[in-house]
Amino acid sequence: MERSPGEGPSPSPMDQPSAPSDPTDQPPAAHAKPDPGSGGQPAGPGAAGEALAVLTSFGRRLLVLIPVYLAGAVGLSVGFVLFGLALYLGWRRVRDEKERSLRAARQLLDDEEQLTAKTLYMSHRELPAWVSFPDVEKAEWLNKIVAQVWPFLGQYMEKLLAETVAPAVRGSNPHLQTFTFTRVELGEKPLRIIGVKVHPGQRKEQILLDLNISYVGDVQIDVEVKKYFCKAGVKGMQLHGVLRVILEPLIGDLPFVGAVSMFFIRRPTLDINWTGMTNLLDIPGLSSLSDTMIMDSIAAFLVLPNRLLVPLVPDLQDVAQLRSPLPRGIIRIHLLAARGLSSKDKYVKGLIEGKSDPYALVRLGTQTFCSRVIDEELNPQWGETYEVMVHEVPGQEIEVEVFDKDPDKDDFLGRMKLDVGKVLQASVLDDWFPLQGGQGQVHLRLEWLSLLSDAEKLEQVLQWNRGVSSRPEPPSAAILVVYLDRAQDLPLKKGNKEPNPMVQLSIQDVTQESKAVYSTNCPVWEEAFRFFLQDPQSQEVDVQVKDDSRALTLGALTLPLARLLTAPELILDQWFQLSSSGPNSRLYMKLVMRILYLDSSEICFPTVPGCPGAWDVDSENPQRGSSVDAPPRPCHTTPDSQFGTEHVLRIHVLEAQDLIAKDRFLGGLVKGKSDPYVKLKLAGRSFRSHVVREDLNPRWNEVFEVIVTSVPGQELEVEVFDKDLDKDDFLGRCKVHLTTVLNSGFLDEWLTLEDVPSGRLHLRLERLTPRPTAAELEEVLQVNSLIQTQKSAELAAALLSIYMERAEDLPLRKGTKHPSPYATLTVGDSSHKTKTISQTSAPVWDESASFLIRKPHTESLELQVRGEGTGVLGSLSLPLSELLVADQLCLDRWFTLSSGQGQVLLRAQLGILVSQHSGVEAHSHSYSHSSSSLSEEPELSGGPPHITSSAPELRQRLTHVDRSLRQNGRDPPDPYVSLLLLPDKNRGTKRRTSQKKRTLSPEFNERFEWELPLDEAQRRKLDVSVKSNSSFMSRERELLGKVQLDLAETDLSQGVARWYDLMDDKDKGSS
C-alpha cells in the first residue's frame, strides 16, 4: 500500500540528515514502488540503458587487449606490455587517491557543521555565546561574502587569463603562439577562511592578519596549443595554508590603506588533479616531482621572503620597500650537538641493532641548510653555524629535523620548532630542545642580530668576528639588500632586435639572477636581492646585464661596497652608468647596507684568536649570556626600522591675494571685504592662523610645525574662511601632496584656491630632518630667534623620539596582586599614553612617541608608570641636557624608577632640526658692548635666491640695543624703537617695536618687513630711532638716540647684521 506524503511521523533529522525538511518537496512517485497489478509496462529506456552500459564495459575491456595485439604484430617483447600496464596501474592508483582525497575534503567542508555537532555530541544549533576562541576567530560572515563574490571572481579570472596571461605566454616563446585558454571555471566551491588571527601591538602604520585558508574546489582550467594539437588542464585542486595579509601603509585619506601585501609564511599544501596531456604528471615518480616544481613556483611568488603587493592608491612611494622590506633581523643559529637519538640501523634482518648516521636539516621559511653526516653516533656533535634572515615576527619558525642517513630512504629521528619571537625577546637563547616525533634532544645556540645603519659599529663587529670560529662559512658582518628597479637605453641585439634583458648580481662566489623581461631595451624588474657580507670594506658587487641567452652582455657595473659606508644611512638610491654598453645606458638601483650587531654583554667571544671558541661543544662550562636556565634580560631596546625616521614639517603661511568679499552691510546693499584666517590639517592635527581684519590681500606671516612620517599619500589640507559673528564663510581650499616636500625638502608656491571664483594662497613648506649631533644646536637656536615671527609660537630646535619597550619588577598591588600598568610620557605640554598591559609586573609595551623640543638645555622628559586603578607605580625625570652630551644624542638602557622598585627599558633619541632654507646664516660670535670692538651679528637675507615672490622683501630684525643707553633722571627709561623708511613719512612705512620697561639694555627680537622691489629699496634710507615715553600722562617721546642707514650702501640680496652707533639729534655720540 502506498503511503501518502502527509501520513505517519516524519523521519527525525538526526536519523536522516540528508532528507529534505518538507516531504512535499519530492513527488510521491519518487518514493512509490510500481504496482505489478496496475498493468504498467516496464520502463523501456531503463532496459536500453542497461544494455548500453554492458556494451560500454565490454568495449573498455576489449581496448585493454589492443596493446597486446599491437606488441605481437610488431614483434615486441611482452615486457613492454607489462611495463605499460604497470605505468597505467600506477597512474590509476595515484589518480584514484587524488579523487578520493578531493571527495573527502569536499564532504568535510560541506558537512562541517553536522560533523562538528556530532563530534561535540551537540544538536544542530550554534555554539553557546560563552564559547570563545581567544587566539583564532572564526569569520563565517567573511565566507558568506566570498561565496557571494565567487562567481564574479571567476569572470574576472577568465578575463585576466584571456587578456593578460595568454598574450604574455604567446609572446614568451615562438612555439606557443597558438596558446589559448579554452575553459576557465572556478566552480561552485568557493575558498573558505577557517580562521582569522589579528596580531595586535605591531607597528602603528600597519594592520597584520593571518588567514587560515582552505580551498577544495572543482576548478576547471583547460589550455590548448593548437599548432601541436596539445591539450592540458586542471580539474579539481586542494590548497591549505596560512596566508598573512598586511595592510600598510595606513594613510590619512580614502581608502585609508596604501597597499595590501599577501604571502604564505610557510609553504602551503597543494594537490592538483590533472587533465589532458598533464595526466602524465600523475604517473608515479612524476607526480611528486611535478607537485614539488609547482610548489617551488608558488614559493618563488607567494612564500616569504616573496610577497604579492597590490597598491590601492596612485603614486605610492617606496613600492620596492613595501614589496621587499628590510628583514626584521638576523638569527645566527649554532647547531652544536644532539644526544639520546634513537637507533635506526639494523643488521642481519634486525637481529643486531646498530646506531644511526645522523644529520640535521635547519629551516626557516625558504632558507634551508643541511649539516654534515656523523657516522655511527647517537650523540653527534656538529658545531656548525648558519645565518638566516627573519622577515616576520611573529609567525616565522625555526625548524630543525634530524634524520638517519641511509642508502635508500633516510629515517626520521625527530624535529623541533621554535618561534623566532622568543629569540628576539631573549637576544641569546642557548638550550637543549626536545625532539618531537622521536627521542633525544638537540643543542642550539640562537643569537638575534639587530640591523644598524651606523658604519662606526662595523670595525667593532669585524673585530668580534675575527675571534669566532665558524663553519662552514665565516660569520657575516653586514647584509646588503639590492632593489633592482629598471634600466634605460640598453643596446639592441644584432639586426636591431629588442633584447630580453636579465641581471646577474654577484658578490664573491654568490650569484643571484633576476627574471628576464622580453622584447625591450628599457626593462622594469622591480626585484630585491639579499646578500650576507663578511667584510664590506673590501668586497664589491658585480652587476652584469645580459640577454636571457646569457651569451650577449648588454652592460656591466662594479661597485665597491666601501662607497656605501660613507653614504647617508648606508643607502645609495640613484642611477648608475653601465660600462661596455651604450652611451646612454644606465641602471637604477637602491642599495641598502645594514651592520649585524649583537650587544657584547649578550655574548662571550674568545679573547685570543685561535683559542677554543665560545661555542666549543666539548666544554662543560656554561657560557656567559647562556639562557639554559632563563633567557637573559636584554640590555638595549630593539625598535623596528621605522623608529626615529620622522621629520618635522615647518609650514609658513605667508599671505593671500584676491580673496572674495563676503561681508555685506545694510541688508547686502553695501559690499564690504572679508576678515580672513587659515585652517590647516595634517597628520591628525589642526592649526589656525590669526584673523586679519578687512583685507582681501591679507598677510599672516605665521609658522606652524608638525611631526610627519614618510608614509605615502599624505596631504596638507588648507582652508580659508571669513570670520563672522555667526557662521564663518568659506573663502576657498587647496591641498598639497607631501610627497614633493618630503623628497625635495622645500616648497615655496602660490596655490590657487579651489571651489571659489578667485583667490590664491602663498605657502612655504620645509622638511627638517633631525641630525644626531649637538654641534649645530646653538646655531639652530640663534637662527630660530631670527626667523621667529610675532604671531607664531616658539620654533622647535630638536625632535625627541622615545621608544618605550618594557618594564620589570614593578611593585605589586596590596603586596600580592600584579598591577595592570601603563606609562605616560610628558614633555612640556605634550604627552603620550601607552596601552595598558593586563596583570603583570613586567609589561612589554613596544611603543614609540615623538615630541618637539624648543629649549633642549632646559626641558626634560617626565615619565610615570601607573597602574589601572592603583595610581603611580614609579616615575622618572630625564633632563634632555643628558642627551646632549651622550653619544649620537641617544640613551638606550635600563632606568631605575624613583620609587626605588622597578626599572624601565627605553630609548631616548634627540635630533637637532637644522633649517637649510631659513634665509639666515648664523655665525658663532660674542656680543661686545663697545663701539670699538663690534662683533658681527647673524646675517639676514631676503630668503634663498630660488624663492619666488610677488616682490623682493626688505626685512629688518632688531635684536639688541646696547646696554649703554643714556639715562636721564633717576629711573631707567622705557625704550622702544621706531623705524621709518624714508623719504616716505606716512604710516604705511612706519614700524614700531614693543616697549621694554625700565632697562638700559633692551632685547626686542622682533621682525619687520616692507614689500617693495629691490631697486626701489636701494633708493631708500632707513631711519631708526630709539625713544622712551616721558611720562604716563604725556604723549611726548624722549629721543635716546637714532641712526640713519643708506640702503644703497647695503647688500640687501645677502643681508647684513651688525652693531650701529646711536647718535643724538645734534650728531653727538650717544650709545
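Is cysteine 890 buried or exposed, and what is its relative accessible area? In this predicted model, cysteine 890 is buried, and its relative accessible area is 17%. Cysteine 370, by contrast, counts as partly exposed, with a relative accessibility of 47%. A disulfide is a covalent bond between the sulfur atoms of two cysteines. The number of disulfides found in the model is 0.

**Helix H8**

Helix H8 covers residues 458–466, and its buried residues are Leu458, Val461, Leu462, Trp464 and Asn465. These residues lie on the same side of H8, because the arc they cover around the axis is only 160 degrees. An α-helix has 3.6 residues a turn, so residues three or four places apart point the same way. Gln463 and Arg466 are exposed, and they sit on the face of H8 that is turned away from its buried side. The packing partners of the buried residues of H8 are strand S8 (329–339), helix H9 (562–565) and strand S25 (586–597).

**Nonpolar cores**

In soluble globular proteins, nonpolar side chains tend to be buried together. The largest nonpolar core of this model has 39 residues, and the members that touch the most others are Leu480, Met589, Leu591 and Met593. Strand S25 supplies the largest share of this core, with 6 residues. Another core lies apart from it and has 37 residues, including Met804, Leu863, Leu906 and Leu910.

The surroundings of leucine 591 can be described in further detail. When residues up to four places away in sequence are not counted, leucine 591 touches Leu480, Val481, Val482, Val541, Leu559, Leu564, Leu570, Ile571, Leu572 and Phe576.

**Strand S26 and its partners**

Strand S26 comprises residues 647–657, and 11 of its 11 residues are buried, so the strand is largely enclosed by the rest of the structure. S26 is joined to strand S31 and runs antiparallel to it; S26 is also joined to strand S35, again in an antiparallel arrangement. The table sets out these two pairings.

| Partner of S26 | Residues of partner | Bridges | Residue pair |
|---|---|---|---|
| Strand S31 | residues 699–708 | 8 bridges | histidine 652 opposite valine 703 |
| Strand S35 | residues 760–768 | 9 bridges | leucine 649 with bridge partner arginine 767 |

Within S26, histidine 652 thus has valine 703 of S31 opposite it, while leucine 649 has arginine 767 of S35 as its bridge partner.

Methods. Residues numbered from 1 in each chain as written. Predicted model: local features only at pLDDT ≥ 70, side-chain atom pairs only at ≥ 80, totals over all residues. Heavy atoms only, no water. Buried < 20%, exposed > 50% of the residue type's maximum accessible area, 1.4 Å probe, protein only. Helix = DSSP H or I, 4+ residues; strand = E, 2+ residues; numbered from the N terminus. Arc of directions from axis to C-beta. Contact = heavy atoms within 4.5 Å. Disulfide = S-S within 2.5 Å. Core = buried A, V, L, I, M, F, W, Y, C linked by side-chain atoms within 4.5 Å. Pairing = 2+ DSSP bridges.
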